[in-house]
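The following paragraphs offer a guided reading of a structure, to be followed with the sequence and the model at hand. Please look at both before reading on.

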There are 2 protein chains.
Amino acid sequence: MTDTGKKKATIYDLSVLSGTSASTVSAVLNGSWRKRRIKDATAQLIQDLAEHHGYTANLQARGLRSSRSGLVGLLLPVYDNRYFSSMAQSFEALVRSRGQCPVVVSACRDPREERQVVETLISYSIDELFIAGATDPDGVHALCEKAGLKHVNIDLPGTRAPSIISDNYEGARLLTQAIIERALQDGPLTPDELYLFGGRDDHASHERIRGFREVKRTLLGADPDACIQPTGYSPAMTARAFEAFYEGHGKLPRAFFVNSSINLEGLLRFLGQHPHETFADIIVGCYDYDPFASFLPFPVFMIQQDSEAMLAKGFAILEAPRRAPVTVLVQPTLVPPRTALTGPLDQLSDAGGNG
Amino acid sequence: MTDTGKKKATIYDLSVLSGTSASTVSAVLNGSWRKRRIKDATAQLIQDLAEHHGYTANLQARGLRSSRSGLVGLLLPVYDNRYFSSMAQSFEALVRSRGQCPVVVSACRDPREERQVVETLISYSIDELFIAGATDPDGVHALCEKAGLKHVNIDLPGTRAPSIISDNYEGARLLTQAIIERALQDGPLTPDELYLFGGRDDHASHERIRGFREVKRTLLGADPDACIQPTGYSPAMTARAFEAFYEGHGKLPRAFFVNSSINLEGLLRFLGQHPHETFADIIVGCYDYDPFASFLPFPVFMIQQDSEAMLAKGFAILEAPRRAPVTVLVQPTLVPPRTALTGPLDQLSDAGGNG
DNA sequence: ATTCTCTGCACCATCGATTGTGCAAAAGTG
DNA sequence: CACTTTTGCACAATCGATGGTGCAGAGAAT
């Protein structure tokens with residue numbers, strides 16, 4: 001790739017250099033040349049020239065003409081937690097392995113931002129879209145539908161497009177049961193000693209709360225409404241809920257279920273403000289897995305959602321001829337305290353060593 | 001936005017509907033219409049039509065013609081840790097606030113992948129590129145240069161383009177000093193009780209090791225080479241280093257400096273395999289901040305890098321007329337153990353509550 | 001009334017690649 | 001040698017938006 005010339009080479013440049021037409025160059029360089037009965041020698045010549053001049057196709061031009069782009073989008077609510085960043089990591093690898101180009105964007109759980117972002121992606125003729133945790137999946141669906149864009153919901157279901165979600169109900173049951181069993185080791189547990197913090201009015205929260213309440217009622221016999229504290233997906237709000245509880249009771253609940261790792265950060269903020277005795281004996285369950293959180297100085301049970309499986313399933317569904325608005329459940333896994341799982345980063349080759 | 005029609009509307013559709021020419025429609029819809037002396041009434045008519053038909057510009061066509069795209073790229077090594085995911089989060093907000101569209105891609109610390117990704121981005125005529133932690137910044141630089149793409153290095157410096165990096169040397173000094181002081185509270189510390197794990201042959205690692213060794217020599221009087229254990233950026237390799245040390249010494253070093261949060265995950269893997277006594281008294285410093293890691297059951301000092309400041313500085317440099325290959329140092333902050341800092345997620349509005 | 005200046009817009013080439021179609025020249029057939 | 005078939009490629013329209021240029025008509029100036 002000797003960089004001859006200053007501007008990027010185009011098929012027209014190569015057509016002059018090779019003494020062929022632009023359409024021949026195009027065919028050779030996009031692989032359709034056998035179908036077009038281009039001579040092997042001609043193809044070879046053009047490929048050599050292309051390499052020599054560092055030719056790369058102008059993807060905007062290609063996309064404009066063919067109305068496809070080779071891009072696959074992933075729409076995230078946020079980046080900054082291990083569940084979504086890990087999903088982005090897996091997504092990259094998966095899309096790359098399929099010869100397409102991953103594009104990840106976040107929309108900050110804002111329905112307007114979501115639409116805006118999707119419009120932009122559509123304007124770039126992306127080929128497929130994975131919608132992870134959209135606040136308004138059906139609104140986004142309408143846009144995709146209109147543009148003929150293949151898409152699936154991941155993590156939060158929509159009613160109009162295929163959805164692949166964690167089995168939040170089952171996961172919550174597993175997690176609740178684990179917390180309760182662990183708490184019982186330290187003596188009997190009364191219903192008002194087990195709380196749930198975090199989440200809001202989305203499908204995932206509902207299902208988790210449902211699973212929590214059911215197991216709790218079964219094992220502990222009751223579940224006062226006051227034990228459910230939805231605080232939204234915000235560390236600050238969650239911290240406030242813990243503070244409020246602490247002010248009212250002089251301690252934290254003996255055991256509690258936290259709706260997500262983002263909410264669990266709210267717990268950290270509380271911890272930072274209080275001495276160790278305050279939480280020496282608590283038992284926590286968190287829906288989401290974060291390796292560092294698993295090693296906090298009290299037992300933390302976590303639920304790992306299998307984002308890689310969800311994405312893989314998503315691709316499978318997009319490839320299938322019929323795409324009914326089915327909902328596929330993917331089973332999450334209970335992770336006991338003090339567990340360091342491997343993640344997508346472990347797939348990366350890193351020679352390591354100092355050289 | 002009533003979705004009249006099935007295909008996406010173009011300026012030609014609107015030109016027919018409005019009885020004007022396509023160029024007029026184009027001018028009205030891209031804001032250049034005052035300059036083109038379009039009558040207010042005409043503009044209004046076209047805007048109404050556009051809204052009614054849910055017109056959105058085909059950005060590939062626009063980009064092709066104007067060879068600009070409104071896209072700003074961020075090239076990351078990986079997503080899956082808090083430093084980079086937090087950087088991505090800040091990046092999104094910053095770019096959005098400037099009316100452009102953020103595109104984040106990762107290249108897995110693979111020089112070939114880096115080039116490949118940058119080529120792709122260039123083919124989409126992105127306007128600016130932030131290169132965070134490129135393995136081969138100058139190789140990437142060459143590509144950008146050739147394409148006339150404005151770019152800056154973030155986090156790891158290149159020699160050919162402006163670079164904005166953390167003051168790794170100073171950060172390492174702060175961190176080393178903090179660990180040593182804390183260790184001295186528990187009694188005298190000998191040079192062979194303080195180790196460094198992680199990092200490889202990149203600029204950041206070098207600077208951190210330099211800072212570590214200097215402070216250590218100053219405060220402890222010596223620094224045996226064996227105390228430096230570069231393991232690459234891989235949790236597995238780092239875990240192996242801890243295991244090896246443990247096998248040789250029957251315990252972990254009393255205090256150690258870990259090169260990054262990714263390496264710190266290696267420590268978790270070790271911890272998961274050993275009883276609590278093994279690490280009851282260790283003192284850890286980690287270059288990078290992760291809120292959960294800050295609350296591990298032993299003192300963890302962390303360094304928070306100011307990625308938001310780096311990005312902001314990057315934009316400033318890109319806007320400046322002259323762009324010499326300067327290197328700008330941004331000061332990181334020492335974060336004492338058990339500290340929950342707020343992050344970019346706190347900027348997000350989240351009504352919270354159950355409704 | 002004539003010339004000049006604006007105003008308001010239409011026309012058209014252009015960005016770089018894709019693709020249906022057409023047509024020479026080469027090769028095969030009888 | 002005349003005729004068909006195949007090979008190998010060129011032509012030109014097209015995707016949707018942009019922006020330089022030109023020009024008709026309204027109003028102003030003389």
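To sort residues by class, Ala, Val, Leu, Ile, Met, Phe, Trp, Tyr, Cys and Pro are counted as nonpolar, Asp, Glu, Lys and Arg as charged, and the others, Gly among them, as polar. With these classes, the surface near DNA strand D divides into eight nonpolar, eleven polar and seven charged residues. It should be kept in mind throughout that this is a predicted model.

Let us stay with DNA strand D. Around this strand there are 26 residues, of which A:Lys39, A:Thr42, B:Tyr55, B:Arg62 and B:Arg65 come nearest. Which parts of DNA strand D do the atoms within 4 Å of the protein belong to? Sugar or phosphate holds 45% of these atoms, and the rest belong to bases. Individual polar contacts illustrate both kinds of partner. On the phosphate side, a backbone N or O atom of A:Ser21 lies 2.7 Å from a phosphate oxygen of DNA strand D, and a backbone N or O atom of A:Lys39 lies 2.5 Å from a phosphate oxygen of the strand. On the base side, a polar backbone atom of B:Ala61 is 3.3 Å from a base nitrogen of DNA strand D. The elements that give two or more residues to this surface are α2 and α4 of chain A, together with α1 (11-18), α2 and α4 of chain B. The largest share, four residues, comes from α4(B).

DNA strand C may be read in a similar manner. This strand is surrounded by 25 residues, and the closest are A:Arg62, A:Arg65, B:Thr24, B:Lys39 and B:Thr42. Of the atoms of DNA strand C that come within 4 Å of the protein, sugar and phosphate account for 44%. Several arginine side chains approach the bases. A polar side-chain atom of A:Arg36 lies 2.8 Å from a base nitrogen of DNA strand C, while an N or O atom in the side chain of B:Arg36 is 3.3 Å from a base nitrogen of the strand. In the case of B:Arg65, a side-chain N or O atom is 2.7 Å from a base oxygen of DNA strand C. Two or more residues of the surface near DNA strand C are given by each of α1 (11-18), α2 (22-30) and α4 (59-66) of chain A, and by each of α2 (22-30) and α4 (59-66) of chain B. By class, this surface has seven nonpolar, eleven polar and seven charged residues.

We now turn to the packing of helices. Two packed helices are described by the angle between their axes and the distance between the axes. The axes of α2(A) and helix α3 (residues 40-52) of chain A come within 9 Å and cross at roughly 80 degrees. Because angles of 65 to 115 degrees count as roughly perpendicular, α2(A) is roughly perpendicular to α3(A). From α2(A), the contact is made by A:Thr24, A:Val25, A:Val28 and A:Leu29, and from α3(A) by A:Thr42, A:Ala43, A:Ile46, A:Gln47 and A:Ala50. The residues of this contact divide into six nonpolar, three polar and no charged.

Helix α7 (residues 137-147) of chain A contains A:Glu145. Is A:Glu145 buried, partly exposed or exposed? Its relative accessible area is 47%, so A:Glu145 is partly exposed. A:Glu145 and A:Ala161 are 16 residues apart in sequence, and their C-alpha atoms are 9.2 Å apart in space. By contrast, A:Pro137, A:Gly139, A:Val140, A:His141, A:Leu143, A:Cys144 and A:Lys146 of α7(A) are buried. The buried residues of α7(A) pack against α6 (111-123), β3 (128-132) and β4 (150-154) of chain A. Just after this helix, A:Gly148 takes a positive phi of about 65 degrees.

Finally, consider single residues of chain B. B:Arg37, in the loop between α2 and α3 (40-52) of chain B, has a positive phi near 55 degrees although it is a residue other than glycine. With a relative accessibility of 77%, B:Arg37 counts as exposed. B:Ser125 is not a glycine either, and has a positive phi of about 55 degrees. B:Ser125 lies in the loop between α6 (111-123) and β3 (128-132) of chain B, and is buried, with a relative accessible area of 13%. B:Ser15, in helix α1 of chain B, is buried at 11% relative accessibility. Residues up to four places away in sequence aside, B:Ser15 touches B:Thr20, B:Ser21, B:Ala22 and B:Val25.

Note on methods
Residues are numbered from 1 along each chain as its sequence is written. Chains are lettered from A and ligands numbered from 1 in the order in which they are written. This is a predicted model: local features need pLDDT of at least 70, side-chain atom pairs count only at pLDDT 80 or more; totals for chains, interfaces and linings use all residues. Side-chain values use heavy atoms; hydrogens and water are left out. A residue is near a molecule or strand if one of its heavy atoms lies within 4 Å of it. A polar contact is a pair of N or O atoms within 3.5 Å; within protein, one must be able to donate a hydrogen and the other to accept it, and residues adjacent in sequence count only if both atoms are side-chain atoms. Buried means under 20% relative accessible area, exposed over 50%, partly exposed in between (1.4 Å probe, protein chains only). Axes are lines fitted to C-alpha atoms, for helices over the stretch in contact, and angles run from 0 to 180 degrees between N-to-C directions. Angles under 35 degrees count as roughly parallel, over 145 as roughly antiparallel, 65 to 115 as roughly perpendicular and the rest as oblique. Contact means heavy atoms within 4.5 Å.
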